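Here's a quick look at how the charged and aromatic side chains pair up. Have the coordinates open as you read.

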Amino acid sequence: MALVMLLVLAVSGCVTVPTSGDIEQVEATGRPRDPRVEIHVEPPQRDASPRLIVSGFMQAMADYQSDYGVARQFLSDDVAESWRPDSGAVIVANSFYPSTTEEGAQLQAPITGELGADDTYRRTTGTYKIDFKMVRDAEGQWRISNPPEGLLLTQYDFDQFYQEVKLYFYEPGYGNLVPDPIFLPKSRVTPTTLMQRLLEGPSAWLRPAVATAIPPQTTLNVGTPVDDNGVAELSLSQAIMALNEQQRTLLAAQTVWTLRQVNGIAGVRFLMNGTPYVIRAAENQVVKIDSLNNYDPQDEQHSSQLFGATDTGVVRLDDSSAARDPEPVAGPFGSMTGVEEVAASTHGDQLAVVTDGGRELRTGLLAQAPWDAPLTQAENLQRPQYTRFAELLVVGEADGAQVLWRISDREVVKMAVDLRTGEQIRALRVAPDGVRAALVVEGTDGRRKLGLMRVNRSSGLPALEGFREVRLVPAQGEPVSVLEDVGWISSTTLMVLGAETDGTPLRPYQSTQDGAQLRAVGSPDNWQAEQLAVAPRPVGTRAAMLGSQGRTWRNADDYTWTPFASDMRAIAFPG
């Protein structure tokens, strides 16, 4: 305990440690314990110096309270009520402490990230500066008259006391769910809070591209208690009364996928104004927390086959063993020469290849002939991709301009792409839910950046919009600024092929889609890597890598890549 308290003090500043108090007996609980360090927040101590007031205020901000009542006690009367901790948070680097005098306190520290008012995270850079403008109150006690607009957290506070959770919404056709990651204080990761946030709707960035099965004006009648069997009792308002049977199932799926992130939840009992609410998927009025998996953001019917392009045609690769030779696929693709890029449909029954020096795209069913050539007049065609919506996307050039083509039901159309003038897509991978895309974009200055975009399917032809940069900054070392390729490990996790500088070899990194967590996945070993192939999975990583000499490696574990095939031009998992 002494070591824990010293750690908290070192990071959050000096505070007064209580040395007395009543002993309270509590009942033991069978629920899993959270072993994290907890903060015990004390109000300002009498005659505390400006340094102690600022340190106590920062510690109080790290401890979530419904109104941050203790934190407000460190503020002067004229700003205590107007301070808005719910407006977001600035996260600054550790080991930067307020510079204090006998009558003032200022802080200058590097910014590492931000939380928006909708609890979404963005990795950012810059310098945060604030003069807390200390004043004395009517009793002569130091108080802060210029607090930050929202919360001010150290990176340690954020890492220790905040948790990523996902709210779930639907693609506009209600065929599958789409995750919307947010960060909440760990003490707020409860059924009640998650349902409140779900009822508020998606984040501002994702909102234009998703739908919800929850009717407008739906509210929680009471909190969401959990009984001894792990069943959460969810009582919603009368707004859900008019939902038909299918709509109720959609409501239930959206709810259980969100609540399954809370430890100890086994199921959900739905009520309307306190009375039982019939859900078809319920058993004894309880919808099991692991049910309704047919709305999974990741298509469970994905083929796990890995395909490769060679000088003599398309082959199947056994990525589980280095000893097995590649086998040509049956049909015309197996003997097609000049294949430079390859893609397979999500079920592995269709192929798309780029041939003729990047000028032609050919598609067709495996083992069948003839095949289609939907694009024959393009230039610099990149790696195609099939999505779960039975469409094929490919980036190329036509008439001197970059174009994103969408091919569906033999119809070829150009998709709108909302990027700045002159920016070019260098790699594009659509998320398994089909609504978000990760891409590497190159600016007119040659600098590349990683970002997310929405695939807006809400009306008419899908469009790529809302570019949001994802900065890759490791806990130690330089930012990843050289970017080559990207893929989706899971519904919210990326694998990126990049390097810190031009002079260092490319290597794979694993990152959350917002850049909040980043780590290298293996050390370069003369890979000369050029391309990633990644298959999204709920658990674990399924990935392969292609080098400039045609060698390939498969990801065996967090740090190991095993060679398994040679003489490849391109590799791809389905989707």
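## Charged pairs and rings

Arg457 counts as buried, because its relative accessibility is 13% and the cut-off for buried is under 20%. Keep in mind that this is a predicted model. The partner of Arg457 is Glu391, and the two form a salt bridge. Glu391 counts as buried too, at 1% relative accessibility.

That pair is one of 23 salt bridges in the count. Here are three of them:

| Salt bridge | Closest N and O atoms | Separation in sequence |
|---|---|---|
| Glu391 with Arg457 | 2.3 Å | 66 residues |
| Arg447 with Glu469 | 3.9 Å | 22 residues |
| Arg454 with Glu465 | 3.2 Å | 11 residues |

Where do Glu391 and Arg457 sit in the chain? Glu391 is in the loop between β22 (385-386) and β23 (392-398), while Arg457 is in the loop between β28 (448-456) and β29 (463-469).

Arg454 and Glu465 bring in the strands themselves: Arg454 belongs to β28 and Glu465 to β29. Both of these residues are buried.

As for Arg447 and Glu469, Arg447 lies in the loop between β27 (436-442) and β28, and Glu469 in strand β29, so their salt bridge ties together parts 22 residues apart in sequence. Arg447 is partly exposed, at 43% relative accessible area, and Glu469 is partly exposed at 21%.

There's a salt-bridge network as well, linking Arg426, Glu442, Arg448 and Glu484.

On the aromatic side, the count is 14 pairs. Ring pairs join Phe57, Tyr64, Tyr68 and Trp83 into a cluster. Charge meets ring at Trp257, where the charged end of Arg260 sits over the ring, 4.0 Å from its centre.

Key
Residues are numbered from 1 along each chain as its sequence is written. This is a predicted model: local features need pLDDT of at least 70, side-chain atom pairs count only at pLDDT 80 or more; totals for chains, interfaces and linings use all residues. Side-chain values use heavy atoms; hydrogens and water are left out. Rings of Phe, Tyr and Trp (its six-membered ring) pair if their centres lie within 6.5 Å; planes under 30 degrees apart count as stacked, over 60 as edge-to-face and the rest as tilted. A charge sits over a ring if NZ of Lys or CZ of Arg is within 6 Å of the ring centre and within 35 degrees of the ring normal. A salt bridge is a side-chain nitrogen of Lys or Arg within 4 Å of a carboxyl oxygen of Asp or Glu. Helices (H or I, at least four residues) and strands (E, at least two) are DSSP runs, numbered from the N terminus. Buried means under 20% relative accessible area, exposed over 50%, partly exposed in between (1.4 Å probe, protein chains only).
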